[in-house]
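This report describes a sheet, the helices that lie across it, and a surface patch. The sequence and structure are shown first.

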Amino acid sequence: MPGVFVVLALAWVAVTGEVSLGNLLEGAVLSALLLALVRRPPRRVLRLERAPKALGLALYFLKELLLANAAVARSVLSPASSLSPGIVAVPLDLTTDAGIATLANLVTLTPGTLSLDVSEDRRTLYVHALHVSDPEVFRRELKDGFERRVKEVFE
């Protein structure tokens, strides 16, 4: 946490625009208070051996982000509508809150898709997508793409 403390204190100085010892001390006090409020012991620590998998997930997300942006732009700019929207129930293999939340957020951050809900038993994620010509193909792509990579990192 010392690194976060320093970054927050320096961010305070940068945001206020006043470089002085007093302002740095004010930022340090505010940083300490903020960290004391949000501090809790981690339940599960991301282990170093999972770092390559986390990097792979990040790179996969960037690739999907670019492809989805292109697909949405193509749909918006084309004279004829190529949209085939739908809501797809995706069965989940993920079991942890962190894994399910990460998957839902990655889906929502990808243009053209939106996580709508997770079932009460946490076994199904409901996703709205602009391009769902075949729900089974959509499910398989989501499970083999995002869910598999999220599972490698978080479970």
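Along strand 1, Gly-86, Val-88 and Val-90 point to one face and are buried (under 20% relative accessible area, 1.4 Å probe, protein chains only). Ile-87, Ala-89 and Pro-91 point to the other face and are not buried. In a regular strand, side chains alternate between the two faces of the sheet.

The model is predicted: local features need pLDDT of at least 70, side-chain atom pairs count only at pLDDT 80 or more, and totals for chains, interfaces and linings use all residues. Residues are numbered from 1 along each chain as its sequence is written, and side-chain values use heavy atoms, with hydrogens and water left out.

Strand 1 belongs to an open sheet of 3 strands in the order 1-3-2, with antiparallel pairing. Strands are DSSP runs of E with at least two residues, helices are runs of H or I with at least four residues, and both are numbered from the N terminus. Two strands pair if DSSP finds at least two bridges between them. Strand 1 (86–91) and strand 2 (113–118) stand at the edges with a single partner strand each, so one side of each has no neighbour in the sheet. From one strand to the next, the twist averages 30°.

The two pairings are listed below.

| Strands | Sense | Bridges | Residue pair |
|---|---|---|---|
| Strand 1 and strand 3 | antiparallel | 6 bridges | Ile-87 opposite His-128 |
| Strand 2 and strand 3 | antiparallel | 5 bridges | Leu-114 with His-128 |

The hairpin of strand 2 and strand 3 has 5 residues between the strands, and Arg-122 takes a positive phi near 60° there.

Two helices lie across the sheet strands. Helix 4 (residues 97–109) lies across strand 2 and strand 3, at about 150° to strand 2. Helix 5 (residues 135–154) lies across strand 1, strand 2 and strand 3, at about 50° to strand 1. Axes are lines fitted to C-alpha atoms, for helices over the stretch in contact (heavy atoms within 4.5 Å), and angles run from 0 to 180 degrees between N-to-C directions.

Elsewhere, Val-6, Leu-10, Leu-21, Leu-24 and Leu-25 make a nonpolar surface patch of about 470 Å². Helix 1 (2–16) and helix 2 (21–38) each give two or more residues to the patch, and helix 2 gives the most, with 3 residues. Patch residues have over 30% relative accessible area and no salt bridge, and nonpolar side chains are joined within 5 Å. Val-6, in helix 1, counts as partly exposed (between 20% and 50%) because its relative accessibility is 43%.

Methods:
Patches are made of residues with over 30% relative accessible area and no salt bridge: like charges are joined within 9 Å, nonpolar side chains (Val, Leu, Ile, Met, Phe, Trp, Tyr) within 5 Å. Accessible areas come from the Shrake-Rupley method with a 1.4 Å probe; for residues, only the protein chains shown count as cover. A salt bridge is a side-chain nitrogen of Lys or Arg within 4 Å of a carboxyl oxygen of Asp or Glu.
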